[in-house]
Amino acid sequence: MKVTFPDIGCAGIIAGTFFRDLGIDYIPALPPDNAEEGEICPDAPEDMCLPFKLFLTGLDDAWRRGADTAVMISSGGPCRLGEFCELLKAILDRRGCRYRWIILDMPSEVGIKELLRRISVLFPELKKGRGALHLIRKLHDAHHLLKEAEAFEADLRRNAGYYEDPKAVNRLISACFEELSQTGCLNRAFDIMGRYRWKSMQLNRDFSRSPVKIALTGEIFTLNDMRANRRIGDRLTELGVCFEKDITLSWWIRHTAAVSLKKILPLPPRRRKAAGSAASGSGKESLRGRIGERIAGKRYLSCEIGGYTKESVAFAASGKIRGMDGIIQIFPAGCMPEIVGHAILNRVSEKEGIPVMTLIYDELSGEAGYLTRIEAFTDMLARKRG
Ligand code: SF4
């Protein structure tokens with residue numbers, strides 16, 4: 001069995017380490033580096049959003065490199081995400097990529113028994129009633145590693161404007177992820193993280209600077225996948241801009257687990273609320289920021305409209321309280337929830353007095369156009385800051 005997993009941000013790297021650590025062959029489902037510039041699988045429906053097209057291209061490529069089992073995490077929803085698994089399977093079957101599919105739906109949707117049955121295809125020991133504890137421990141370690149990797153990058157990006165050589169920040173982050181992708185052992189991966197944390201502390205900083213600060217918000221895939229967002233993180237860092245984002249992959253795992261728990265556990269209402277709030281926020285933000293996010297978010301969008309637009313609007317609306325100079329919203333062409341979010345953010349900008357720029361990514365536009373707009377926006381914020 002050779003497993004693959006649709007790549008998003010550093011999740012593919014961590015999934016690879018996790019599977020290899022458990023002795024399972026893993027083949028990353030990486031779309032080629034230039035996939036976003038037109039080399040998308042030709043059978044991808046034109047009107048689907050970019051994450052779907054990149055997933056399809058990556059899985060198609062992984063099949064040709066020997067993968068035979070696709071693991072997908074699925075969460076239903078009013079946006080197109082709810083259709084991803086079925087559509088991916090139908091198109092890939094038609095292209096001759098006859099994967100064995102292991103769809104990890106939320107336990108609240110399929111029940112814990114069914115979820116365990118699906119997982120046991122990957123880990124046959126579970127069928128004999130063995131290995132559950134070992135697996136839980138490894139899952140916990142993998143989640144912890146993902147949190148560490150995201151926090152390592154977030155800390156550097158949050159302070160990017162203070163580093164004397166911002167390019168060194170980019171080099172350090174890519175070297176760290178490159179080394180992580182080569183390891184097949186979770187313990188070794190933690191050693192690598194520790195080493196790179198230490199290296200990050202050796203970078204020279206200049207605290208007399210007053211860099212521009214930006215809140216980066218929008219659709220989860222585009223926010224976290226550097227192929228989809230044309231390395232916006234690297235570009236902002238090179239421009240000496242500090243930025244924060246709150247919708248991360250480890251946040252998504254906590255959020256999904258909490259939502260699932262709320263549905264399946266018969267908790268009294270007060271405890272249920274606590275389970276929900278345990279998932280909110282990136283964990284490192286200030287109490288003031290979190291309270292501001294809740295209040296401001298409710299003022300502009302109080303219900304779920306698909307994706308994580310409710311959360312992204314709340315984060316943007318609390319930008320001023322967090323000390324941000326501006327907001328950049330990013331999402332892929334065809335993303336229904338974020339199009340609604342875009343209209344709401346115009347109002348946020350007007351009412352809160354904070355500039356907002358929206359970037360819409362598709363597979364056909366080149367990097368130069370995005371870079372020009374980012375430069376113009378950050379220049380304007382720097383002038384405003386004085
Ligand atoms: S949130 Fe937007 S981009 Fe993401 S799956 Fe839904 S429609 Fe597609």
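**Strand E7 and its neighbours**

Modeller: Both faces of E7 are covered, with Gly 326, Ile 328, Ile 330 and Pro 332 buried on one side and Ile 327, Gln 329 and Phe 331 buried on the other. This is a predicted model, in which local features need pLDDT of at least 70 and side-chain atom pairs count only at pLDDT 80 or more, while totals for chains, interfaces and linings use all residues. Residues are numbered from 1 along each chain as its sequence is written.

Biologist: Why is strand E7 called mostly covered?

Modeller: A residue is buried if 20 or more other C-beta atoms, placed from the backbone, lie within 10 Å of its own (exposed if 12 or fewer, partly exposed in between). Seven of the seven residues of E7 (residues 326-332) are buried, so the strand is called mostly covered. In the protein chain, 39% of the 386 residues count as buried.

Biologist: How do you know that E7 pairs with strand E5 and with strand E8?

Modeller: Two strands pair if DSSP finds at least two bridges between them. E5 (residues 213-218) and E7 have five bridges in the parallel sense, and E7 and E8 (residues 356-361) have six, also parallel, so both count as pairs. Ala 215 has Ile 327 of E7 as its bridge partner, while Ile 330 stands opposite Leu 359 in E8.

Biologist: What makes the crossover from E7 to E8 right-handed?

Modeller: From E7 the chain passes through helix H15 (residues 336-352) to E8, and this β-α-β crossover is right-handed, which means that, with the strands pointing away from the viewer, the path from the first strand over the helix to the second runs clockwise.

How values were computed
Helix = DSSP H or I, 4+ residues; strand = E, 2+ residues; numbered from the N terminus.
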